[in-house]
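Visitor: I have a model open and I'd like to learn how to read it. Where do we start?

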Amino acid sequence: MGQVHFAYDTEDVLEFSVALANTDAAASTSGDDELATKEHLGGLIADHRFSGRIDGDDQELADMVGLRRDFRRIWALDRDAMVKEVNAILESGEVLPRLARHDGLDWHLHAASPDAPLATRIRLELALALVDVIRAAETERLRVCEADDCAGLLLDLSRNRSKRFCSVRCANRVNMVAYRKRQSTDADTDAYTDA
Ligand SMILES: [Zn+2]
Ligand SMILES: [Zn+2]
């Protein structure tokens, strides 16, 4: 029982949201925009086994970049503000939920017709995932990386809410800085004592 569990499809959508958000240059491993090309987008959606309509064109890429910006904003909201955003999406009347089974994935929730544009479907699916998170009063598990120079998003599913960084890379960097600081503080103390 080391973890909090949402339905697996809810967790999938949240994990995809983090992966999408962290393609931003302010959060990516390379420091570059990792959603700059249609090839980037193709790789990202292949990893997450999306079914249904995939256009593979410039419009779809532009819509996904817009979605990334919106997700990053919504993710950082407090619970009540998030409810407003989610209700706005639910009230738009675009959500048409159905169960689907494909690509080795068991029955899971799709938020719209498979003919709707990819970015539209993902937006609606995130709204439904956030319905679960909000109802469980777990929105604090959606956070931003604590490393100073990183704008990465993170999903903390640990039981004691102990996850602080978006990646091992950020955790190591921050720990190294803290270690160096301790060492130089120790050196100062020694110098003082000797004098
Ligand atoms: Zn699916
Ligand atoms: Zn980070």
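Guide: Let's start with what gets counted: helices (H or I, at least four residues) and strands (E, at least two) are DSSP runs, numbered from the N terminus. Bear in mind that this is a predicted model.

Visitor: How many helices and strands are there in the protein chain?

Guide: The protein chain has 6 helices and 4 strands. Going along the sequence, they follow the pattern α-α-α-α-β-β-α-β-β-α.

Visitor: And what about the overall dimensions and the packing?

Guide: Along the principal axes, the C-alpha atoms of the protein chain fill a box of roughly 75 × 35 × 30 Å. Of its 195 residues, 25% count as buried. As for contacts with a separation of 6 or more, 57% of them come from residues 24 or more positions apart.

Visitor: Let's pick one helix. How do I read the span of helix 3?

Guide: Compare its reach with what you'd expect at 1.5 Å a residue. Helix 3 covers residues 58–75, and its 18 residues reach 26 Å from first C-alpha to last, close to the expected 26 Å. You can do the same with helix 4: its 13 residues reach 18 Å, close to the 18 Å expected. Just after helix 4, glycine 93 takes a positive phi of about 80 degrees.

Visitor: Which residues of helix 3 are buried?

Guide: Here "buried" calls for 20 or more other C-beta atoms within 10 Å of the residue's own. In helix 3 that gives Leu61, Met64, Leu67, Phe71, Arg72, Ile74 and Trp75. These buried residues sit on the same side of helix 3 because they cover an arc of only 160 degrees around the axis. Over on the other side, Asp58, Gln59, Ala62, Gly66, Arg69 and Arg73 are exposed.

Visitor: What covers the buried residues of helix 3?

Guide: The cover includes helix 1 (8–21), helix 2 (38–47), helix 4 (79–91) and helix 5 (118–135), along with strand 3 (142–144) and strand 4 (153–155).

Visitor: Now the core. What's the general idea?

Guide: In soluble globular proteins, nonpolar side chains tend to be buried together. In this model, the largest nonpolar core has 35 residues, and Phe71, Leu126, Ala129 and Cys166 touch the most other members. Helix 1, helix 3, helix 5 and strand 4 each supply at least two residues of this core. Helix 5 gives the largest share, 10 residues.

Visitor: Which residues does leucine 126 touch, not counting those up to four places away in sequence?

Guide: Leucine 126 touches Val13, Ser17 and Phe71. You've met Phe71 already, among the buried residues of helix 3.

Technical notes: Residues numbered from 1 in each chain as written. Chains lettered and ligands numbered in written order. Predicted model: local features only at pLDDT ≥ 70, side-chain atom pairs only at ≥ 80, totals over all residues. Expected span 1.5 Å × (residues − 1). Buried ≥ 20, exposed ≤ 12 C-beta atoms within 10 Å, placed from the backbone. Arc of directions from axis to C-beta. Contact = placed C-beta atoms within 7 Å. Core = buried A, V, L, I, M, F, W, Y, C linked by C-beta atoms within 7 Å.
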